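Biologist: I should like to go through this model with you, one feature at a time. Please give the reasoning before each value or name.

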Amino acid sequence: MKRVLLFFLLFTISKYAYSQQLLSGSYKDKELQLVLSDIESKTDIIFSYSKELIGSMKITLNYKEVTIDELVKVISYETGLQLEQLSSQQIIITQNKQICGRIYDAETKEPLTLATVISSTEQAVTTDSTGYFSFESTSSTDVSLRVKYIGYGDQTISIPLGARCRDIYLDPSPESLDEVIILGYVTTGIDKYEDGSVSIDTDKLGILPGLVTPDIAQSIQLIPGITSLDESATGIQIRGGAPDQNLIFLDNIKLYNTGYFYGMFSAFNPYATQKAKIFKSGASPAYGDRVAGVIDISTGNEIPKKAQGGFGIDGLSVDGFFKAPVSDKVAVYLFARRSYADVWKSPTYDGYATKIFKNSGVVTNANNEVIEIISDDEFDINTSSNSFYYHDINAKVLVKPSDTDQIAISGLLTRNRLDFSFENGGEIRDDDLLTQNKGLSVHWRKQGSDLWRHDLKAYFSEYTSDYLNVEIVDNMLEESNTRNNEISDFGIDYNLTHYFPNGHIAAVGYQYTNADVLINIAKSEPLEPDNLEDNFESKEQKLNTSHALYAEYKHSFGNSGLLSIGIRGVQYSSLGQFYGEPRLNLEYPLSQAVRLKASAERRYQPISQLVEFNQTELRLENNLWTLSDDEQFPILSSTQFSAGFLVDYNGWTIDTDSYFKKINGLTSYTNGFSNPIIELSEGTSDILGVDILIKKKIENYRIWAGYTYNDIVYQFDALRSDAFPGNNDITHNFRISNTYQLNNWQFSLGWSYRTGEPLTPIASYDSNTAFATFGDVNSSRLEDFHRLDVSIIYDFNFSKEGKWRGRFGLSVLNLYDRKIPLSMIYRAEDEGEGGIELKQVVQRHSLGITPNAVFRVFF
């Protein structure tokens, strides 16, 4: 027993002595194989390796009095090979899958601690106190690394597998403010930033269920807390707010209409919208005049090195784009798109048209049982005719006259025209709608020094909506309704930002806006003694100028945390008052994997949309913008608090947010109740919600599930004495999606479910007089909605060089063709003591099975 103990003691001592043996040597550009042989001759160590692996690799070393362990680390660092000790005397050398390096300041050569390194395989690490990073690569090919650090310009490099550790130098750049904390938040191209925003990059956007083009308006609806109640592209509701409560910019141009075909299609050309940043809460005080979310879209700001473009066709439109450098300082962008439904109606168009034009006159009670069918007003796509087209043009000029200046000039034009008519028993009804956006913006950014940045923006936006509805009976004009809404909006924004050491940033700004809003509503009938009071024309023009001052302080912690405190003060001429809007946003990492977040804000909105039901047959996209006046239409105000946590670990992402929002200044005209409202009334909304996202990535497969709980409560004393569910109170909203990439193929399958929309039921109905009585406001619900969507995309090259690339895609919405009413609206007239005569019941149904296909060419 003593001999055994003595043996182990001697073995331990010899091993310790071996590890502590100090070596010195110097080699300059010498073959690695000879260096290893020399080390073997000076020690008892034996290196085992493949000669093919070592090859003719050379190395330069200069070391003095270092241990074998330390020398092995140096050889590994210099060669990129993996040296593993198998025993006290044997070290095996293999191909190293370790990616490593050190990050330095390019000017001071000091190491950068806690810099973020993100690989093309979405692995993310931070550097230690010496600027060193390393991780085991899961790729079998070269790895692309993106290096980020607050106050420095991002750098992307490609490292071959097995390469030696790299020294990477970052240049200071105060413009580098935004820190990505999750790359591929939902799927590729959708990232999460430390300021709480979510960014969508259409150039990198992966396949999504039911989509074959990177549509911004549809893509953001995959984010919990963002939804559309009517499956449209424009009906986006963010955390219980109405669509008109969202602030939407395209290249700094404020937009008032973002859809075509009664809002079903997005007015954003998918290949013009390069990047979009979305705030559900906690937005900078530079954003004002809306009380819900912010959607800030850009067509891009880079001067390409060479000309690039593309063109394609899908089930609705044809489009093309072109980006080209005029010189190394000037570039031009051009994007254009046009629908072709006026030439040929595709199956994709027919699917949407059936939804839009199918209006049924079914009268149901609180139990959704059919009481009566009003057949006189029923029409659908099979008994009607329609002519529809849209087109849009975006153009941009980028100028970089110096290293510190950048000028961007952008313009846009969107136009949507629809003529719909149907005939029933000698009665003809016709709806004619034209909507149009025009806009121009200029943005000058100057980096005055490493510490100052100036931003000057100016925009002009013009929105026009013209609607005409006529009824003809026996070739005689029975009734004519017109509705016109025009907005001219001009704004200037100046921002000055100062960068302090250690991640402290301060900004101040001034904004001026001038909005001129026209509303014209008219109704005419043949003049007869009993209808003289029915003819009317109401024309109203309002002007609002605003002056806003804002200030914001940000502190970016070295661990990718962020504290933002802001204040915005604004004065509106149409209201004659001054309003203060405090903002707070905090994101703080408790560890590499877990972050806490919280936000609080107060916001005001001086312009809203009226939902004017009685002057249109189709009842879609029939909203009229009007300015607040402190009389009929009060200013909207919102107070919101939110808190949650974010976990990102080993391919898992879990993001939760709980929030409370209170909105004051709502009116019955701006919220579009389904029952006939006789008088204007004012109310409030309390919104309690929870957003949850769970995502898992396994190599090329992703699965994510999003869930939103909302409890939206209205208080309108003139409508109902107690609180009741809001019109957009969708209690449960759930979506699960899958994507998989196999070589050049992409597949996606997604299922969505939500509870039905609140409904005011009909308590009783007399079929002889068509008189109806209504139950309590929003005391019933429509049936629950669910849908299954699928997409397939194949990418290919026309040539080996890859200069010309192609894409083919197929998608199907509502794969199992389930069609249900999504909303119900009553058209009625008050007959005095005789009661309320029910004229029409309009049910908006969900989409049926709707296919789409795309073919694109890129060069």
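**Backbone, rings, charges and strands**

Modeller: To begin, Asn252 counts as buried because its relative accessibility is 19%, and the cut-off for buried is under 20%. This is a predicted model, and the values that follow are computed from it.

Biologist: What is the phi of Asn252, and in which loop does the residue lie?

Modeller: Asn252 is found in the loop between strand E18 (247-250) and strand E19 (253-254). The residue is not a glycine, yet its phi is positive, near 70°.

Biologist: Asn778 also has a positive phi. Is Asn778 buried or exposed?

Modeller: The loop between strand E50 (771-774) and strand E51 (780-781) holds Asn778. Its phi is near 55°, again in a residue other than glycine. Since its relative accessibility is 3%, Asn778 counts as buried.

Biologist: Which residue just after helix H4 takes a positive phi?

Modeller: Helix H4 covers residues 68-79, twelve residues in total, and its C-alpha span from first to last is 16 Å, close to the 16 Å expected. Its buried residues are Ile68, Leu71, Val72, Ile75, Ser76, Tyr77 and Thr79. Just after H4, a positive phi of about 80° is taken by Gly80.

Biologist: Why would residues three or four places apart point the same way in an α-helix?

Modeller: The reason lies in the helical repeat. Residues three or four places apart point the same way because an α-helix has 3.6 residues a turn.

Biologist: Turning to the aromatic pairs, why is the pair of Tyr349 and Phe388 stacked?

Modeller: The structure holds 30 aromatic pairs. In the pair of Tyr349 and Phe388, the ring centres are 6.0 Å apart. Planes under 30 degrees apart count as stacked, and these two rings have their planes at 15°, so the pair is stacked.

Biologist: How many residues apart are Tyr349 and Phe388?

Modeller: Both Tyr349 and Phe388 are buried. Tyr349 belongs to helix H6 (residues 347-357) and Phe388 to strand E29 (residues 384-402). The pair thus links distant parts of the chain, 39 residues apart.

Biologist: Which residues do ring pairs link into a cluster with Tyr349 and Phe388?

Modeller: Tyr349 and Phe388 are two of the cluster's members. Ring pairs link them with Tyr260, Phe261, Phe265, Tyr352 and Tyr390.

Biologist: Over which rings do Lys277 and Lys323 lie?

Modeller: The charged end of Lys277 is 4.9 Å from the centre of the ring it sits over, that of Tyr193. For Lys323, the distance to the ring centre is 5.0 Å, and the face belongs to Tyr333.

Biologist: Among the salt bridges, how many residues apart are Asp691 and Lys280?

Modeller: The count comes to 31 salt bridges, and the side chains of Asp691 and Lys280 form one of them at 3.5 Å, N to O. Asp691 is in strand E43 (residues 682-698), whereas Lys280 is in the loop between strand E22 (275-279) and strand E23 (294-298). This pair links distant parts of the chain, 411 residues apart.

Biologist: Are Asp691 and Lys280 buried or exposed?

Modeller: Asp691 has a relative accessibility of 2%, and Lys280 has 11%. The cut-off is under 20%, so Asp691 counts as buried, and Lys280 likewise counts as buried.

Biologist: Which network of salt bridges includes Lys280 and Asp691?

Modeller: Salt bridges link Lys280 and Asp691 into a network with five further members named here. These are Lys192, Arg239, Lys597, Asp655 and Asp657.

Biologist: What is the N to O distance in the salt bridge of Arg453 and Asp455, and in that of Arg787 and Asp789?

Modeller: Arg453 is buried at a relative accessible area of 9%, and Asp455 counts as buried at 4%. Arg787 and Asp789 are both buried. For Arg453 and Asp455 the distance is 2.9 Å; for Arg787 and Asp789 it is 3.0 Å.

Biologist: Which residue in E9 stands opposite Gln98?

Modeller: The open sheet of three strands has the order E9-E6-E12 with mixed pairing, and its edge strands are E9 (132-136) and E12 (166-170). The twist averages 30° from one strand to the next. Strand E6 (residues 98-105) runs antiparallel to E9, joined to it by five bridges. Opposite Gln98, in E9, stands Glu136.

Definitions and conventions:
Residues numbered from 1 in each chain as written. Heavy atoms only, no water. Phe/Tyr/Trp six-rings, centres within 6.5 Å; stacked < 30°, edge-to-face > 60°. Helix = DSSP H or I, 4+ residues; strand = E, 2+ residues; numbered from the N terminus. Buried < 20%, exposed > 50% of the residue type's maximum accessible area, 1.4 Å probe, protein only. Lys NZ or Arg CZ within 6 Å of the ring centre and 35° of its normal. Salt bridge = Lys/Arg side-chain N within 4 Å of Asp/Glu carboxyl O. Pairing = 2+ DSSP bridges. Axes fitted to C-alpha atoms, helices over the stretch in contact; angles between N-to-C directions. Expected span 1.5 Å × (residues − 1).
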